[in-house]
There are 4 protein chains.
Amino acid sequence: MSSSYGENIRLTIFGQSHSPAIGVTIEGLPAGEEIDLEALQRFLARRAPGQNAWSTARREADEPEFVSGLTGSVTCGAPLTALIRNGDTRSKDYSLLARLPRPGHADYTAFVKYGEHRDYAGGGHFSGRLTAPLCLAGGICLQLLAREGIHVISRIAQIGPVCDRGELLASTAEKPFPVVDDEQGEAMRAVIAAAKAEGDSVGGIVECAVLGLPAGLGDPMFDGMENRIARIVFGIPAVKGLEFGAGFSLAAMRGSEANDAFAVRDGRVVTETNHCGGILGGITDGMPLVFRAAFKPTPSIAKEQRSVDLLTLEEKALVIEGRHDPCIVPRAVPVVEAAAAIAVYDALLEQRKDAR
Amino acid sequence: MSSSYGENIRLTIFGQSHSPAIGVTIEGLPAGEEIDLEALQRFLARRAPGQNAWSTARREADEPEFVSGLTGSVTCGAPLTALIRNGDTRSKDYSLLARLPRPGHADYTAFVKYGEHRDYAGGGHFSGRLTAPLCLAGGICLQLLAREGIHVISRIAQIGPVCDRGELLASTAEKPFPVVDDEQGEAMRAVIAAAKAEGDSVGGIVECAVLGLPAGLGDPMFDGMENRIARIVFGIPAVKGLEFGAGFSLAAMRGSEANDAFAVRDGRVVTETNHCGGILGGITDGMPLVFRAAFKPTPSIAKEQRSVDLLTLEEKALVIEGRHDPCIVPRAVPVVEAAAAIAVYDALLEQRKDAR
Amino acid sequence: MSSSYGENIRLTIFGQSHSPAIGVTIEGLPAGEEIDLEALQRFLARRAPGQNAWSTARREADEPEFVSGLTGSVTCGAPLTALIRNGDTRSKDYSLLARLPRPGHADYTAFVKYGEHRDYAGGGHFSGRLTAPLCLAGGICLQLLAREGIHVISRIAQIGPVCDRGELLASTAEKPFPVVDDEQGEAMRAVIAAAKAEGDSVGGIVECAVLGLPAGLGDPMFDGMENRIARIVFGIPAVKGLEFGAGFSLAAMRGSEANDAFAVRDGRVVTETNHCGGILGGITDGMPLVFRAAFKPTPSIAKEQRSVDLLTLEEKALVIEGRHDPCIVPRAVPVVEAAAAIAVYDALLEQRKDAR
Amino acid sequence: MSSSYGENIRLTIFGQSHSPAIGVTIEGLPAGEEIDLEALQRFLARRAPGQNAWSTARREADEPEFVSGLTGSVTCGAPLTALIRNGDTRSKDYSLLARLPRPGHADYTAFVKYGEHRDYAGGGHFSGRLTAPLCLAGGICLQLLAREGIHVISRIAQIGPVCDRGELLASTAEKPFPVVDDEQGEAMRAVIAAAKAEGDSVGGIVECAVLGLPAGLGDPMFDGMENRIARIVFGIPAVKGLEFGAGFSLAAMRGSEANDAFAVRDGRVVTETNHCGGILGGITDGMPLVFRAAFKPTPSIAKEQRSVDLLTLEEKALVIEGRHDPCIVPRAVPVVEAAAAIAVYDALLEQRKDAR
């Protein structure tokens, strides 16, 4: 099912950009886990729109209402469902989309797949707004992982042509602009501002690392950690590329350079480098699990674009009005963390089946 | 389940490098489909080892035995199981691996996950040899897709530092070295030969395109075509990166550049460029579906490497003997096609449920 | 996942008896299907409590709120989520259950499985109240099936020792007490009244038939129509037995008697009898699909019962207060129809994949 | 997928009655489990045909060949595939079935579903012969369960009108005719012999109990132990009814009679009766899990029957030749045990995910 993820916990995301609510149902959460609702709210706030110069002006509290699965703030073992009401919607902004699909959006493909009854307002179920319930589920998983000493960190690795410098070793979540090298962050913000000034948008890359993982997580072939993470990360709108460890640069390497030599540190097997991103044969090796996701530029731009009237098949110019992020990458950072946390927590439960 | 893929057809790959046989069970194939067994054998031959200078000397016919699912050579609707016997195995080559994991291989993580009873000989279930049954399943899907006018083509896009030139517009399968620009292919072969001469190996990139797809294939969020292809392609050993359309280069683009404008050609909606790789919102838009998979260098190299004795935790030098491809990319080309064909055929069956 | 059902549509039921809401998320509904919300409400009313002498006095409107999946009242292709708010809850009635499990209920097993954090109020996620969202999903499927000429009918076949007479040939849904022979219905009501007067309860059997099914629905082995229906019907609380066609009485038959002879009527293959309940090899044969589900007596009775204090392991007497149906079978009739409709509709979508 | 079962282990059964082989692939078996191949062979022998007066004369060794998943006789963590070759097949016996479906068999529904390319010889994938790989998988699970103190026992509870007497408290597997009361067994055999003498067949009931189960196994709603067992038991050909504990007789009981009172024995919570069959709310309560499965009479009988020529739609008489069991119930006993073992072992692995 397209809006569901996971084998051991299973989350189903529902809602459209302009439906009464969006939300998530999570099955399989262990009973007896306290959810820190304030910490969850703070995590959601990192994704929420309307916070600063580089995000859309649409403002929403994104406060979840938990309608099932808790007794007080503790999981009770039954499916957990949480809703986020859709408040500040301006459906008239989208009325054109019934006929004129926006380039780079799912408007056209949704029309082909679902026909005239698709919900096109605000992108419907394809809207980036649906990453809010993903963060909700991921925020819960992050708390459960932290109790086992597992932490997910990330950063903006690239915006347009500007790359971050230094290594991702610690959380950047407290920074207003989550990069390691703030100078590069400044340059990235300039790139975003320039695009915005021109009614344009820009893409980027998010890097994510999972620290504290035990070795032995993940499964061979189609349920390796790469496969598990890929299935959820490509569910984030605008992601068009994904690489683990040294990723695409491995193509140009020799084996003698790419292979991570084994060594012993503090009585534990480690690798001296981490070109494999902490994953061998789909299974974690105990080193940080590292991946990078490439985001295309926000497709909604103010510049005039060429489209086609789906009813008459006439080519037409399209000018998109409304409020849009000139770059979604900063708001995507917690979404990537959420996705990683869900994939890892699901794999962690899987591993417990092997334990006796 | 880690060795299974697909929702509408479902294939399960079984076997270890040195078990009596490897094979695949495919459920959900429609009844009444003729399988061209000779064409299938020719497809398998493209992956088979021992064909030329750049692949391992291990020679195996890889002739499948169909034990169920056919009446004659026509599918009967019941699960199809095919075996490939493991003949030419030299288990003694691998005896060291019980203690000394090979860098870049799954030896260490398999030990952590499965303990002393893992089948380490030849890499066990993690062996690249398991791509033979994947090709078997994919070869069948390729035939079924061709009957609907859908074709999968691919090429080596990069070996080491050498990139192919030109666009992937037609099959390269008939070429001894599958690139568009044979001059670049010559340079790539030189790179492989140089690595081999030094007891080393080299990585590369395979590009794949699916032509003739209808618009409307794939599903939102976690069952988009990117997610579906990612889940199977990351199941191919050594794949560490995957990108669709312009992929990672989208990070540096502006939206006005990245968005593919809609137009009408021959009464059909098309896009003027294809930076999205034929996928919008997870759903095909009717343009070629294009992706690139990055392969790390073969981890088995002749050069001495550093490893750790898993029983004593002593650091030790490791020299791998036996026969290994200095570059697996050429043999991986049909494997990538097979993976793409399986993912696409599964999505095609999914789409039929919507039709009335 | 325990609260999910279906492969082609997939519904997930959430909520506890006393959580803010209960509800259902349905993935995979085709886009463009009008939902007749009034008809759906009427269907839900058949299950709703507080309607008459033989059901609990707890009164709830059970009016669903659709928070996603519709544009207006038409499905849009995205997951449909509907909530039913929990209003009239009296949690104090259940405070004892934290320590003293009710015989015949899931209180004890929920304690073992989920520990002290289970939601015991009103039975939590195990409450019969969770059949309301099942009816909601089933009511939608009934409408979709009716558009294809498929209808689900049912009746009370037995209450205590009293059996209905005659054959189930048409809907009994319009009757206040859904039996074929109203005289037997009168006797059944007397049985219920007698049990109620003694602070006791009584069980029964629901018979259900699906009419208008095409031949060819369902799949061999574990996805036959029996398996599909069993998996959902045993999800209805209190069901402890299930049989298809002549069911258990087939044990005492000869093959020459049990086998349904084939014949031709109006140019169509039919069977002259229907001991197999319309299913051969798991697949529908075009005759009515008939099954019977056995319900145990409502476990909540006013009579004193013996239980055990889970904290001290002392044996103790238990007197259950609160409002309970002396017989749940009348209200279970639409629930069984809903379950059948969901299973059949899911199988119908499966079958479409085979069509070209 | 129709021929697959299980979420934590997953088995896929393949093969047709007359294909080169039948077999099973099992994913998810823990690594390091010794399989006692001789004990497995003895278990398979209990199902094998040709052993005595009441089973078909077709003789087959049913010796499995393990082609993957083991190192020696120990599971290695990779998918286990085992084949049983089809030797003694007489395809000419079945040639008529291409046109004249046998009453009570899947011939007609397979024709509707799969068309002319179905494998009708010997019933194809619908043949009772496919219970051999089910027993193979179940026999392995029985060994794994025994290591945790869990045992599966069963008996013939009824043949035709003759019921066994006494309670099922211990294994009957060592008996030539597995009943508790051998005198009743004698009467049952007479019933079978009488049916055989008349060219007819007879049905029956198998009762099964799982002893030593921990409380807390199984999940609410659709993954309760009833649902899990139902999904696999209805996959055994000829099963048309299933009940747990007191089953259908609960319909006639009062709650005060049906409810199993809780008590404490040896410091452990028990129930004084077991009308619920050891399952409350889908979850085991620690008492024996008890169920009964009703088998219809073998549909293949020597007597002339009425059928329809599927090509001409003419009604025709059919006389089935070949060798058939006059009663499959005795051979079905180990099949029911196998099915129970698989369902229980899968639930046991599920439960481990909750443990920390």
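This report covers the chain interfaces, the strand pairing and one aromatic pair of a predicted model.

## Chain A against chain B

Start with the contact between chain A and chain B. Chain A brings 100 residues to it, and chain B brings 100 residues as well. Together the two chains bury about 8,000 Å². Carbon and sulfur atoms account for 63% of that area. Three residues stand out on the chain A side: A:F222, A:K240 and A:F262. They supply 11% of the area that chain A buries against chain B, more than any other three residues.

Charged and polar pairs also cross this interface. The rule finds 14 salt bridges between chain A and chain B. One of the salt bridges joins the side chains of A:K113 and B:D219, with N to O at 3.4 Å. Polar contacts link 49 residue pairs across the interface, counting pairs with both residues at pLDDT 80 or more. Strand β11 of chain A, residues 239–244, gives the largest share of the side that touches chain B: six residues. By class, that side of chain A has 52 nonpolar, 27 polar and 21 charged residues.

## Chain A against chain C

Now turn to chain C. Here 42 residues of chain A meet 42 residues of chain C. The buried area is about 2,800 Å², and 62% of it comes from carbon and sulfur atoms. A:M1, A:E27 and A:H117 supply 21% of the area that chain A buries against chain C, more than any other three residues.

The count of salt bridges between chain A and chain C is two. In one of them, A:R85 pairs with C:E65, and the closest N and O atoms are 2.9 Å apart. Polar contacts number 16 residue pairs, both residues at pLDDT 80 or more. Several strands of chain A each supply at least two residues to the side that touches chain C: β2 (10–15), β3 (21–27), β4 (65–68), β5 (70–71), β6 (74–75) and β7 (80–85). Strand β2(A) gives the most, with five residues. That side of chain A divides into 16 nonpolar, 19 polar and seven charged residues.

## A sheet that runs across two chains

Strands of chain A and chain B join in one open sheet of 10 strands, with antiparallel pairing. The order is β9(A)-β8(A)-β10(A)-β16(A)-β11(A)-β11(B)-β16(B)-β10(B)-β8(B)-β9(B). The edge strands are β9 (162–163) of chain A and β9 (162–163) of chain B, and each pairs on one side only.

Where do the two chains meet in this order? β11(A) is followed by β11(B). Three bridges join β11(A) to β11(B), residues 239–244 of chain B, and the two strands run antiparallel. Within this pairing, A:G241 stands opposite B:E243. Elsewhere in the sheet, β8(A), residues 151–159, meets β10(A), residues 204–211, through eight antiparallel bridges. There A:I153 stands opposite A:A209.

## Pairing within chains A and D

Chain A has another open sheet, with five strands in the order β1-β2-β3-β7-β4 and antiparallel pairing. Its edge strands are β1 (4–5) and β4, each paired on one side only. β3(A) and β7(A) pair over six antiparallel bridges, and A:I26 has A:L80 in β7(A) as its bridge partner.

In chain D, strands β12 (residues 262–265) and β13 (residues 268–271) form four antiparallel bridges. D:V264 stands opposite D:V269. The two strands make a hairpin with two residues between them. In the turn, D:D266 has a positive phi of about 55°.

The table collects the strand pairs.

| Strand pair | Bridges | Opposed residues |
|---|---|---|
| β11(A) and β11(B) | three bridges | A:G241 and B:E243 |
| β3(A) and β7(A) | six bridges | A:I26 and A:L80 |
| β8(A) and β10(A) | eight bridges | A:I153 and A:A209 |
| β12(D) and β13(D) | four bridges | D:V264 and D:V269 |

## Aromatic pairs

Over all chains, the structure holds 18 aromatic pairs. One is formed by D:F244 and D:F291. How are these rings placed, in distance and angle? Their centres are 6.0 Å apart, and the planes stand at 45°, so the pair counts as tilted. The pair links distant parts of the chain: D:F244 lies in β11 (residues 239–244) and D:F291 in β16 (residues 289–295) of chain D, 47 residues apart.

Technical notes. Residues are numbered from 1 along each chain as its sequence is written. Chains are lettered from A and ligands numbered from 1 in the order in which they are written. This is a predicted model: local features need pLDDT of at least 70, side-chain atom pairs count only at pLDDT 80 or more; totals for chains, interfaces and linings use all residues. Side-chain values use heavy atoms; hydrogens and water are left out. Contact means heavy atoms within 4.5 Å. Buried area is the accessible area (1.4 Å probe) that two parts lose on being put together, summed over both. A salt bridge is a side-chain nitrogen of Lys or Arg within 4 Å of a carboxyl oxygen of Asp or Glu. A polar contact is a pair of N or O atoms within 3.5 Å; within protein, one must be able to donate a hydrogen and the other to accept it, and residues adjacent in sequence count only if both atoms are side-chain atoms. Ala, Val, Leu, Ile, Met, Phe, Trp, Tyr, Cys and Pro count as nonpolar, Asp, Glu, Lys and Arg as charged, and the others, Gly among them, as polar. Two strands pair if DSSP finds at least two bridges between them. Rings of Phe, Tyr and Trp (its six-membered ring) pair if their centres lie within 6.5 Å; planes under 30 degrees apart count as stacked, over 60 as edge-to-face and the rest as tilted.
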